[in-house]
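Subject: Structure for your review

Dear colleague,

Please find below the sequence and structure that I am handing over to you. I would be grateful if you would open the structure beside this message while reading.

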Amino acid sequence: MTSRVTLISPATTPSLRRARFDDGDSLDDGAAAQAAAAAGRLPAAGRVLVSPTVRCRETASALGLGASAEPGPAGLDVGRWRGRTLEEVGAAEPEAVARWLADPGAAPHGGESVRDLCERVARWLETCGRADGRTVAVVEPEVVRAVVVNLLGAPGSSFWRIDVPPLTASEITGRSGRWNLRLGQALGTLPAR
């Protein structure tokens, strides 16, 4: 049994453009239009999932995907930093930010550590590995990073060194325990179905 999971990173929001930790804002008009322009370019899937954030749900909708929200591929919980910019948090809590960026087990914001996220995403991948056929999931960039860290067996410290551009597709194929990875194809370059 071979599983295919296509991970779609969401379109941008005003908060993302300001390096603000997710505060639940909606896609801006340009980002929504970019997502809508890529509609119809994704492979057909037996399962379509979405992270529960507003921007992931709106991206899925703009792509024309009827997706079910699922907690397993939810984005990183940044606790009390939610809604603040990295610059604001860095000015107020420079040691905490430095520790968070250097130590995958640190969660000075009171939310989830990068290590915890990677472990949660690994459990979610196990369930994907038991599903035959294709799954398309619109997920936050940090979920894609966690997938890459898990699949490559990379150290958690590599998490912040993985860039995931908006509206790109990363695909894993295989089964739980043995995946192959294809990273970051722009949705606009995928052939129309």
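The notes that follow describe the enclosed and open spaces found in the structure. Please bear in mind that this is a predicted model.

I begin with the enclosed space. The structure holds 1 cavity of 30 Å³ or more, and the volume of the largest cavity is about 30 Å³. Its lining is made up of Trp100, Leu101, Ala102, Asp103, Pro104, Val114, Gly156, Ser157, Phe159 and Trp160. Helix α5, which spans residues 94-102, supplies the largest share of this lining, namely 3 residues. Sorted by class, the residues lining the largest cavity are 7 nonpolar, 2 polar and 1 charged.

I turn now to the open space. The largest pocket contains about 750 Å³ of space. A total of 29 residues line the largest pocket, and those closest to its centre are Leu16, Arg20, Phe21, Asp22 and Glu142. Which elements give two or more residues to the lining of this pocket? They are α1 (14-17), α5 and α7 (141-152). Of the elements, α7 contributes the most to the lining of the largest pocket, with 3 residues. The lining of the largest pocket comprises 16 nonpolar, 5 polar and 8 charged residues.

When you view the model, you may wish to locate helix α5 with care. This helix gives residues to the lining of the largest cavity, and α5 is also among the elements that give two or more residues to the lining of the largest pocket.

Yours sincerely,
A colleague

Technical notes. Residues are numbered from 1 along each chain as its sequence is written. This is a predicted model: local features need pLDDT of at least 70, side-chain atom pairs count only at pLDDT 80 or more; totals for chains, interfaces and linings use all residues. Side-chain values use heavy atoms; hydrogens and water are left out. On a 1 Å grid over the protein atoms alone, a cavity is a set of points where a 1.4 Å probe fits but cannot get out, and a pocket is an open set with protein on both sides within 12 Å along at least five of seven lines; lining residues have an atom within 4 Å of a point. Grid points are joined across faces, edges and corners, and a volume is the space filled by probe spheres set on the points. Helices (H or I, at least four residues) and strands (E, at least two) are DSSP runs, numbered from the N terminus. Ala, Val, Leu, Ile, Met, Phe, Trp, Tyr, Cys and Pro count as nonpolar, Asp, Glu, Lys and Arg as charged, and the others, Gly among them, as polar.
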